Every structure is written in structure tokens, then in C-alpha cells.
Amino acid sequence: MKKFLLVLWLMLSAAAHAQVLSVRDQATVVNQLLAERFDSVLPAAMQQTGIDMWIVVSREYNEDPVIKTMLPAEWLNARRRTILVFYRDASSGKVERLAVARYNVGNSIKAAWDMKKFPKQWDALADIVKTRNPAKIGLNTSTHFGHADGIDHTDYNELLAALPAPFKNRVVSAEPLAIRWLETRSAREMQIYPQLVNATHKIIEEGFSERVITPGITTTQDVVWWFRQKIRDLGYDTWFHPTVEIQRQDTERANPDVITPGDLLHVDIGISYLRLNTDIQQHAYVLKPGESSAPAALNQAFASANRLQDILTANFKQGRSGNEVLAASLKQAIAEGIRPTIYTHPIGYHGHAAGPAIGMWDAQGGVPGTGDELLRHKTAYSIELNAASEIPGWREPVRIMLEEDAYFDESGVRYIDGRQKQLLLLPRRTPSIE
């Protein structure tokens, strides 16, 4: 009977992962999402920032971070020099999408280079600019956001040299427009995002189980590479190498990386799928013989970290800067007796995405530049932080390091697939069978 139950549990665990689309079907969805974003996200972003022409330039294999999010799924890179032009007509509010390229860029951006009339690509761009007469020409330059600083030195100089004299002083940084394009999540993306986060949760749950870990034998690196392989086997990618760490009472051991009973495990992991990313940190406790639950002090430490999450997300307000949210949250947490560290960041097209930074490990007084950016609705965040607790018998403070992906809109902050509210236990506790 027990053998049958184990086999059943393994089958259900494997089936619990949502089906990953074929590469062809993934491309279809990516292109659909992109077309919808061009119709909904881009016009609003251009109106909000007052940039009526956005020129995005990249050469093959040296792609601007923005252009990578605009290419069709069939394009793995830019081709030769790819120039995209987005022009918003103030009277109609419509955005014209043009490619100064030899061919269409997917189905959403039409080629607009008459090579017989303009043998030189820059001359074709100059003609588009003169014809439309924009008031502000945005280029991807930025001091604080690498995501918005994608035009390279050569392209920048050649573009400025090609612009007619009256337009040179109309060039501005496209930073605010690039940030809005990258950080704003569409309605359909938020229908898809829960699958990614749920898949990440399930991968963690399986990795922190007796299927993967045998106390006294398995090392943290064994688990790390199991995570990497599992992500690949399921058909996802990852945007960073996972980490698995141990906190324990007895820190002096011959094999400190071998997982043993009484260990508090921590994982930091993220997956990439359909051009979206996750970033999750959770904890598990390895039960000692005779234990059926984690020690009460560890559970209380975990509850303090959950409370810190609540404090932080309650301080999310549109129009507040990341630094303001950080300061208010730290002040409240300290007043409640919590020892907080907050380092929350936007997530979406990139794991560490464009938008307001809410603290960093080494910048609890605020983050110059990125922390001054204002929060906006329809954005996603990795709620990343830790709370430290002194526990009798432990040589060092125990840090409960949590990270869960969330969505911020007019109704406030909601976790995309819930959050961890108690320690995972290993071995997994199952109901007894009579």
C-alpha cells in the first residue's frame, strides 16, 4: 500500500507542472503579446512621456535591451543594422511603426526604406524624421537605467550626424518611455504570468523534497544542479544560476555543504518563459528524528518576514518613489521590532527589470537614481527582503530571506501565485494510512 501511494505521489507531482508550449506555439503567443502591446502599451507610454518619435537602433549581436523585447519571436537577433521608428500623431493618438530596414520586422512593423531613393540607411531615416517633423526625438540613453541606455556610441554619433540641423536639438533621452514600455504589464501577460510563478513554486517544492534530497548525502550543489536540469527538462530557461544555502546551529562541520537534519535551507531561483521572468526565494526545514514540525522559534522568525512583506506592500502607492516606499517600510518595521533589510525590484521582461528600485542590500538609506523613480500601476515586482531574528542556540542571527512575485495596480499589491507562509518540511509530512 505504501509503495502504491509513493508511486501515485510521484505521478501527481510530475503531472502538476503546467504544460509548456512547443517552440512554435510559444512563438505564436510571443508575437500575439507583442502585437497587443504595440496597440495598447506603446501609445499610452508615448502620450504620458511627451515623446512623439522614438528611434531604437541596434546592430546584429549588439542588441539594445529594448529592441530585444520588440523583435518577433522568429528574430533571435537584430539583422545587420535594424532601425525602428515609432511616431505618435498627436491629433489621432495613433502610433506609426516603421522599420528602416530591408524587410518587415515581423507583422507589426513595416519596412520603410526605399533603397533606390535612399541608398544610405541614415538618409532614409532622416527623410522619415523630416516628413513627420517630431517635437521630441527619443533615443535610448540613460545614466541610471542600463535597460534604457542601449544605443551604442557609433550609432549615436552617426544618427546625430545624419539628422538635419533643425532636429538635432530635439533629441532627448527616451529613458522615461523605455521604462514604461518595459515595466508595464499587459492584461494578457498577467493572465499568463501565474503559470510561470506557479511552475517556479512547484519546482522549488519538488527540489526541497525527499525525491531530491537525502540528508547526510545530498549537497547544496547537488540541489542547485538539479534545479538547473529540471528547469531545462520542463522546457523553461533560467536567467541566473540558482543558489541553495544552509543556515544551521552547528556551523563547524567537516562537510558544511552536505544537507543534514536541523538545517534551514534557502533557495533563490527564477525561470524565463514567453519573454517573462520569475524570481523566487523560499525556505525549507530538514526535520530531525522525532520532529513533526519546525522549531517554534524558526516559525516565529518566518512569521516576522511575512509581516515585513505586509508592511512593504501596504506602502506601495502610485506616485511614491522607490526610496519613499523603502524609508516608510523600514521605519514601520523597526517600530514593530523587526530587523528588516529590503531590496525589492521590478520584474517582467528582465529579472532585474526597469522601474523603481526599493532598496538594495548595501543601500538601505535609498538608491540614487533608480530609487527616485516613481511607482506606477500595471507593474510587477519581486517582493524581496529579509528579516533577521536571534534564536537561542544559534551562533548567528537567522535570516528569513523571502522573495515572491507580485502585481501592483489600482487595487493594491497582490501576489501572482500566492506566497510562502510557512516553512516547507523535509521529509514531507503525509497523512498516516490505516
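This report describes the fold, one sheet, the internal spaces and some backbone details of a predicted protein model.

**Basis of the values**

Because the model is predicted, local features need pLDDT of at least 70 and side-chain atom pairs count only at pLDDT 80 or more, while totals for chains, interfaces and linings use all residues. Residues are numbered from 1 along each chain as its sequence is written, and side-chain values use heavy atoms, with hydrogens and water left out.

**Overall architecture**

The protein chain holds 11 helices and 17 strands; these elements are DSSP runs numbered from the N terminus, with helices being H or I of at least four residues and strands being E of at least two. Along the principal axes, the C-alpha atoms fill a box of roughly 80 × 50 × 40 Å. Of the 434 residues, 53% are buried, where buried means under 20% relative accessible area, exposed over 50% and partly exposed in between, computed with a 1.4 Å probe on protein chains only. Among contacts in the chain with a separation of 6 or more, 69% are made by residues 24 or more positions apart; a contact requires heavy atoms within 4.5 Å.

**The six-stranded sheet**

An open sheet of 6 strands follows the order β4-β3-β2-β1-β5-β6 and has mixed pairing. Two strands are taken to pair if DSSP finds at least two bridges between them. The edges are formed by β4 (110-111) and β6 (171-173), each with a single partner strand, so one side of each is left without a neighbour in the sheet. Helix α5 (residues 153-162) packs on this sheet and touches β1 (53-59), β2, β5 (137-139) and β6, and its direction makes about 135° with that of β1. Angles of this kind run from 0 to 180 degrees between N-to-C directions, with axes fitted to C-alpha atoms and, for helices, over the stretch in contact.

Strand β1 is mostly covered, as 6 of its 7 residues are buried. The pairings of β1 and β2 are listed below.

| Strand pair | Sense | Bridges | A facing pair |
|---|---|---|---|
| β1 and β2 | antiparallel | 7 bridges | S58 and T82 |
| β2 and β3 | antiparallel | 6 bridges | L84 and A99 |
| β1 and β5 | parallel | 2 bridges | W54 and G138 |

On the helix that covers the sheet, A161 of α5 is exposed, with a relative accessible area of 61%. The C-alpha atom of A161 lies 34 Å from that of H352, and the two residues are 191 apart along the chain.

**Pocket and cavity**

Internal space was searched on a 1 Å grid over the protein atoms alone: a cavity is a set of points where a 1.4 Å probe fits but cannot get out, a pocket is an open set with protein on both sides within 12 Å along at least five of seven lines, and lining residues have an atom within 4 Å of a point. Volumes are the space filled by probe spheres set on the points, which are joined across faces, edges and corners.

The largest pocket contains about 640 Å³ of space. Its lining comprises 21 residues, with V30, L76, D237, L274 and R275 nearest the centre. Two or more lining residues come from each of α2 (23-49) and β9 (272-273), and α2 supplies the largest share, 4 residues. By class, this lining has 11 nonpolar, 7 polar and 3 charged residues; Ala, Val, Leu, Ile, Met, Phe, Trp, Tyr, Cys and Pro count as nonpolar, Asp, Glu, Lys and Arg as charged, and the others, Gly among them, as polar.

The count of cavities of 30 Å³ or more is 1, and the largest cavity has a volume of about 60 Å³. Residues V30, L33, L34, T69, E189, L274, R275, L276 and Y349 line this cavity, where α2 again gives the most, with 3 residues. The cavity lining divides into 6 nonpolar, 1 polar and 2 charged residues.

**Helix packing at α2**

Helix α2 packs against helix α8 (residues 187-207) at an angle of about 145°, with the axes 9 Å apart. In this contact, V29, Q32, L33, E36 and R37 of α2 meet R188, E189 and I192 of α8. The contact residues are 3 nonpolar, 1 polar and 4 charged.

**Backbone details**

A cis peptide bond, with omega about 0°, joins L426 and P427, and P427 is in the segment after β17 (424-426). R80, although not a glycine, has a positive phi of about 50°; this residue is in the loop between α3 (65-68) and β2 and is exposed, at 52% relative accessible area. N133, also not a glycine, has a positive phi of about 55°. N133 belongs to the loop between α4 (121-132) and β5 and is partly exposed, at 44% relative accessibility.
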